[in-house]
Amino acid sequence: MSAGRGAAPGSPVHRVRWLPGTDVLRGACHCGAEHEGQDPVEMWDWLLAHPDHPAPGDAGR
Amino acid sequence: MTAHSAFARNQWYVAAWSAEVGGDLLGRTVLGEPIALYRTGEGRAVALADRCVHRRFPLSRSRLDGDKVVCGYHGFTYDTTGTCVFVPGQKRVPRTARVGSFPVAEVDSLVWVWIGDRDAADPAAIPRAPHLAGEGWTTVSGMEPVDCDFGLLVDNLMDLSHETYLHGGHIGTPEVAETPITTEVDEEAGVVRVSRHMQDAECPPFYARSTGIEGRIRRRQDIEYFAPCLYLLHSRISPAGQDAPLFETEITYAITPSAPGRVYDFWAVSRNFAVGDPEVSGFLRDANHTVVMQDVDALNVLQRCLDTETEGYQELSINIDTGGLAARRILARLAAQ
């Protein structure tokens, strides 16, 4: 694995898992909030909205 | 005509492989900046603005006199800092006679140049690829220019499902496109990681011939993209259902925007098996060059098509694009800084 930049411990990481056997993406923000969807553009919008993650049912979702 | 992606200045970019920079001048253009590269007698790499201050003749088309560059048109002569130390026919060298120089760092057999505010250049920020020059590894490498927006090459490398279709019969098998990915983004560090782990996959010729594995394989692809320039694909192969023998291959790309609509595609394949086998090296060099040229041809065609699109054309993203979309956002943020 590489060294150097990116090795900083504790820096916030967003994670998106494509759930096997489905078309579903599950996003996890570094704050612990999670979100499921089927559109990666919408998923990044949701993750990068931290700390103002749209709640389920919000307009525009 | 489509707009090209904005360049991120104040970043390190690969301008050359170390082996390319020697006692002859080498011309490269990075982020639209023409650069002349050479190596001093003591072995230090130098990067000067590639235009003589006099009549803009390219210094890369000139000659070296020791560690000095002598312009091939009228003989203006520059030292390693870009200061002009000689002009023809007169004793006084005008005070303004100098060309710019770029901070240079040689790391892991790559020559990195800093484009931007030179006071902000910190070589410690250069992402590492230690396998390129590491003991116990053998590397084959090359570089191909592509006539496309650098963002198209980033898109290409971040979504390896294209291996199944564009590189079928070489590195692509059906399982690559079929297998879900996990994407991680470290926003602060500007790093995107995309993992695709295939437990039971067809072995493509690229790995069958280099490893000697017959039959199906466990294949792990773990991408690390250090925006904007360095891309590593950690590839791990073992026979299906087995942890060993494990064949580790590090696929390195440096994605260096050259000019609007043009990008340098530096590539390397490093392996920790058959390290002394020239036949394997020759095979992997030819095989990866073939794969890279398939990308080059596809991206050249794609860019020409995009150039005919009207502004604001639509594209569609699906799950396979999760990593590429993350990379685009980071690149846009870096360009806006």
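Student: In which strand of chain A does A:Glu36 lie?
Tutor: A:Glu36 belongs to strand β3 of chain A, residues 34–37. The model is a predicted one.

Student: Why is A:Glu36 counted as buried, partly exposed or exposed?
Tutor: The count for A:Glu36 is 14 C-beta neighbours inside 10 Å. Burial needs 20 or more, and exposure needs 12 or fewer. A:Glu36 falls in between, and therefore counts as partly exposed.

Student: Which residues does A:Glu36 touch, leaving out those up to four places away in sequence?
Tutor: They are A:Val24, A:Leu25 and A:Arg26. The test for contact is C-beta atoms within 7 Å. A separate value places A:Glu36 relative to A:His14: they are 22 residues apart along the chain, with 13 Å between their C-alpha atoms.

Student: What pattern does chain A follow along its sequence?
Tutor: The pattern is β-β-β-α, which agrees with a total of one helix and three strands. Of its 61 residues, 21% count as buried. Among contacts in chain A between residues at least 6 apart in sequence, 7% join residues at least 24 apart.

Student: How many residues of chain A and of chain B are in contact across the two chains?
Tutor: 22 residues of chain A are in contact with 28 residues of chain B. On the chain A side, β1 (13–18) and α1 each supply at least two residues. β1(A) has the largest share, with six residues. By class, that side has 13 nonpolar, five polar and four charged residues.

Student: At what angle do α1(A) and α6(B) pack, and why does the angle get the name it does?
Tutor: Helix α1 (residues 40–48) of chain A packs against helix α6 (residues 322–336) of chain B at about 50°, with 9 Å between the axes. Roughly parallel needs an angle under 35 degrees, and roughly perpendicular starts at 65. The angle fits neither range, so α1(A) is oblique to α6(B).

Student: What is the handedness of that crossing, and which residues make the contact?
Tutor: α1(A) passes α6(B) in a right-handed crossing. From α1(A) come A:Pro40, A:Val41 and A:Trp44, and from α6(B) come B:Thr322, B:Leu325, B:Ala326 and B:Arg329.

Student: How do you know how the residues of that contact divide by class?
Tutor: Pro, Val, Trp, Leu and Ala count as nonpolar, Arg as charged, and Thr falls among the others, which count as polar. The contact of α1(A) with α6(B) thus has five nonpolar, one polar and one charged residues.

Student: Within chain B, what makes α1(B) and α5(B) parallel, perpendicular, antiparallel or oblique to each other?
Tutor: Helix α1 (residues 150–158) and helix α5 (residues 278–307) of chain B pack at about 130°, their axes 10 Å apart. Roughly perpendicular ends at 115 degrees, and roughly antiparallel needs over 145. The pair is therefore oblique. The crossing is right-handed. The contact is made by B:Leu152, B:Leu153 and B:Asn156 of α1(B) with B:Asp295, B:Leu299, B:Leu302 and B:Gln303 of α5(B). These residues divide into four nonpolar, two polar and one charged.

Student: Which residues of α1(B) meet which residues of α6(B)?
Tutor: B:Gly151, B:Val154, B:Asp155 and B:Met158 in α1(B) meet B:Gly323, B:Gly324, B:Ala327, B:Arg328 and B:Leu331 in α6(B). The axes come within 8 Å and cross at roughly 145°, in a right-handed sense.

Student: What makes the polar group of that contact what it is?
Tutor: The contact of α1(B) with α6(B) has four nonpolar, three polar and two charged residues. Gly is classed as polar, so B:Gly151, B:Gly323 and B:Gly324 go into the polar group.

Student: How is chain B divided into domains, and how many residues are in contact between them?
Tutor: The domain assignment gives domain 1 (11–125) and domain 2 (130–336). Their centres, taken over C-alpha atoms, are 32 Å apart. 13 residues of domain 1 are in contact with 14 residues of domain 2.

Student: Which element gives the most to the domain 1 side?
Tutor: That is β1(B), with six residues. The elements giving two or more residues are β1 (11–17) and β2 (26–30) of chain B. By class, the domain 1 side has eight nonpolar, four polar and one charged residues.

How values were computed
Residues are numbered from 1 along each chain as its sequence is written. Chains are lettered from A and ligands numbered from 1 in the order in which they are written. This is a predicted model: local features need pLDDT of at least 70, side-chain atom pairs count only at pLDDT 80 or more; totals for chains, interfaces and linings use all residues. Axes are lines fitted to C-alpha atoms, for helices over the stretch in contact, and angles run from 0 to 180 degrees between N-to-C directions. Helices (H or I, at least four residues) and strands (E, at least two) are DSSP runs, numbered from the N terminus. A crossing is left-handed if the near helix is turned anticlockwise from the far one by less than a right angle, and right-handed if clockwise. Domain bounds come from an automatic or database domain assignment.
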